[in-house]
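Student: I should like to learn how to read the arrangement of domains, sheets and a ligand site in a model. May we begin with the way two domains meet?

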Amino acid sequence: FLRSQAARESNARSYPRRIPIAIGEAEGIHVKDMDGKVYYDCLSGAGTLALGHNHPVVVAAIKSMLDNKRPLHTLDLTTPLKEQFVDELFASLPEEFAKNARIQFCGPTGGDAIEAAIKLVKTATGRRSILSFQGGYHGSTHAAMSLSGTLGQKEKINGLVPDVHFLPYPYAYRCPFGKGGEETHRISSAYIEKLLSDPESGIVSPCGMILEAVQGEGGSIPAPVEWLREMRRITQERDIPLIIDEVQTGLGRTGKMFAFEHAGIIPDVLVLSKAIGGSLPLSVVIYHQKYDVWKPGAHIGTFRGNQLAMAAGLATLQYIKENEIPSKVEQLGSRLASHLLALKQDVGYIGDVRGRGLMIGVEVVNIREKPDAIGTFPAYPQLASRIQRECLERGLILEVGGRHSAVMRFLPPLIVTEQQIDEIACIFSEAVHAACT
Ligand code: PMP
């Protein structure tokens, strides 16, 4: 079964290469393969499944749509559900942002919403260059990929979206300035401010700056809140729209409804997808009304605002709020992080444990090679692959990410229990020990 599928699918397939299982059933935090083996799913559709698989409130919302002859597709025509969904989503935003905000429904994926955000700020400012960050990931569509750090995807493409300037992200463990610690974010923001003040840098008037408050695919790297505040100040002072990509971090994943809230800042443009569709495809851009410069029809597309996804998304949003999921995520995240930090004490190959809420990365390093000037060892992607395989054998699905494919990424559904966190950490520990021997 798997072999015939692999033969038919494009060579670009990614996850099935590392996780060669066919999934038959799924519930909560678990998936079951075709042989009946059950796994903890800490990949969660790359962070999509906030409430896990087939959560009863999501299932009930979808069923009710089908049982009550609700429209499944209406282009962007209004429905009572759409109004309710937007009300709920706006009520989840900081009031200061929501009161002046506009929403644009985009195509089904995060990448679609990134494309819309870039078009929007280009139209609003009339400028062309874009500021992005090393290690960032924004999608696989043309502009989104051009803004992303993923070199492998861009390798053979002749002609990306031009004028993208990659700035240093405050990745303290592999500090782009060879310093580490607090120095990383301080130098990063000072350097960025200097570039934006120096006409010779060629980037003084960009159409926008796009960033993730916690880099996801780049290796679960949280930006310090001070740095985020600096990026807000620097962009505000220069009238540069700040686009925050919360495709992966949004809806409670980091311990707040939105990751920018940790820094107490407000973006000009917010990009959301993944969890807002409650496991179904949906993406939106929410922005300050001063950027609402599009003429009618300036941004269209057939599958904008899928009704079933809005029903599932509304149920998810309500559940997250009613059950105070973000504050629970904060506690569960600390619990998982403390297990992983304890393991780091034991195993030299674990170089770094970091993250925010239930978005945690464990960077695997090769301690047999020479460390760099700040004592950081090179990434060890081969060991990361071995750990991933050992995890899979023991019933734990984990993503490997990061610029050097050496970060084990924990993205469990937000409804994970303390006991499950302990079990996941225990399986991971066994897998790490097995892979390191
Ligand atoms: N932005 C971020 C931060 C993401 O993590 C992703 C997907 N991993 C995207 C954008 C792109 O979303 P999609 O794959 O749905 O196009």
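Tutor: In this predicted model, contact between domains is read from both sides: 30 residues of domain 1 are in contact with 33 residues of domain 2.

Student: Which elements supply at least two residues each of the side of domain 1 that touches domain 2?

Tutor: They are helix 3 (44–47), helix 13 (325–346), strand 13 (350–356), strand 14 (359–364) and strand 17 (407–410). Strand 13 contributes the most to that side, with five residues.

Student: How do the residues on that side of domain 1 divide by class?

Tutor: The side of domain 1 that touches domain 2 has twelve nonpolar, eleven polar and seven charged residues.

Student: Where do the bounds of the two domains fall?

Tutor: The domain assignment places residues 2–55 + 326–436 in domain 1 and residues 61–322 in domain 2. Their centres, taken over C-alpha atoms, are separated by 25 Å.

Student: Let us turn to sheets. What is the strand order in the open sheet with antiparallel pairing?

Tutor: A sheet is read from edge to edge. Here four strands follow the order 13-14-17-16. Strand 13 and strand 16 (399–401) are the edge strands, each pairing on one side only. From one strand to the next, the twist averages 25°.

Student: How many bridges join strand 14 and strand 17?

Tutor: Strand 14 and strand 17 pair in the antiparallel sense over four bridges. As a point of reference, Glu363 stands opposite Val407 in strand 17.

Student: Which strands does helix 13 lie across?

Tutor: Helix 13 lies across strand 13, strand 14 and strand 17, and runs at about 170° to strand 13.

Student: What is the pairing in the open sheet ordered 1-2-3-15?

Tutor: The pairing in that sheet of four strands is mixed. Its edge strands are strand 1 (23–27) and strand 15 (396–397), each of which pairs on one side only. Strand 3 (residues 38–41) pairs with strand 15 in the parallel sense over two bridges, and Tyr40 stands opposite Leu396 in strand 15.

Student: Finally, the ligand. How many residues surround the ligand, and which are the closest?

Tutor: A ligand shell is read by its members, their source and their class. The ligand is surrounded by 15 residues, the closest being Thr109, Gly110, Gly111, Gly139 and Val247. Helix 7 (residues 110–125) gives the most to this shell, with three residues.

Student: How do the residues of the shell divide by class?

Tutor: Four residues of the shell around the ligand are nonpolar, eight are polar and three are charged.

Methods:
Residues numbered from 1 in each chain as written. Predicted model: local features only at pLDDT ≥ 70, side-chain atom pairs only at ≥ 80, totals over all residues. Near = placed C-beta within 6 Å. Nonpolar A, V, L, I, M, F, W, Y, C, P; charged D, E, K, R; others polar. Pairing = 2+ DSSP bridges. Domains from an automatic or database assignment. Contact = placed C-beta atoms within 7 Å. Axes fitted to C-alpha atoms, helices over the stretch in contact; angles between N-to-C directions.
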